Amino acid sequence: MTISDSKAVKVQIPGMLRDYCHDNSVIAVAPGTVGSALNQLKQEHSALYVSICDETDTVRQHVNVFVNADYVPARTTAGLQRAVAIGD
């Protein structure tokens, strides 16, 4: 899925994970929730996704998720349901 920058949520990719997404520092995903953003990464960047989530589709213990500057407990249902909007 290709999303224009003006309609995208921007996922910042740390340097140590960029080898898994063609050296991109930012990946655009559709607005929705943290969970839907992770699902889009699973579909479009599977090598990156397995570095973020384990075989049960749970965010790995050593991975922290933020929406803007706010920490999101992405290993919880509430965290996965956290909204992400255009510009986040």
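Q: What's the relative accessibility of Tyr71?
A: Tyr71 comes out at 41%, so it counts as partly exposed (buried is under 20% relative accessible area, exposed over 50%, partly exposed in between, with a 1.4 Å probe and protein chains only).

Q: OK, and what sort of model is this?
A: It's a predicted model: local features need pLDDT of at least 70 and side-chain atom pairs count only at pLDDT 80 or more, while totals for chains, interfaces and linings use all residues. Numbering runs from 1 along each chain as its sequence is written, and side-chain values use heavy atoms, with hydrogens and water left out.

Q: How many aromatic pairs are there?
A: Searching the whole structure gives one (ring centres of Phe, Tyr or Trp, using the six-membered ring for Trp, within 6.5 Å; planes under 30 degrees apart are stacked, over 60 edge-to-face, the rest tilted). Phe66 and Tyr71 make up the pair, edge-to-face, at 5.8 Å centre to centre and 70 degrees between the planes. Phe66 is partly exposed, at 47% relative accessible area.

Q: Does Tyr71 turn up elsewhere, and where's the largest cavity's lining?
A: Tyr71 is one of the residues lining the largest cavity, together with Val59, Val63, Asn64, Val65, Val72, Pro73, Ala74 and Arg75.

Q: What volume does that cavity have?
A: About 30 Å³. A cavity here is a set of points on a 1 Å grid over the protein atoms alone where a 1.4 Å probe fits but cannot get out, and lining residues have an atom within 4 Å of a point. Points join across faces, edges and corners, and the volume is the space filled by probe spheres set on them.

Q: Switching topic: which residues have the most contacts inside the largest nonpolar core?
A: Val34, Leu38, Leu41 and Leu48, in a core of 22 residues (buried Ala, Val, Leu, Ile, Met, Phe, Trp, Tyr and Cys joined through side-chain atoms within 4.5 Å). H1 gives the most to this core, with four residues (helices are DSSP H or I runs of at least four residues, strands E runs of at least two, numbered from the N terminus).

Q: What does Val34 touch further along the sequence?
A: Beyond its neighbours within four places, Val34 has contacts (heavy atoms within 4.5 Å) with residues including Val65, Val67, Val72 and Ala74.

Q: Last one: where is Thr58?
A: Thr58 sits in the loop between H2 and S4, partly exposed at 30% relative accessibility. Leaving out residues up to four places away, Thr58 touches Ile52, Cys53 and Arg75.

Key: 1 Å grid on protein atoms, 1.4 Å probe; cavity = no way out; pocket = protein on both sides within 12 Å on 5 of 7 lines; lining within 4 Å.
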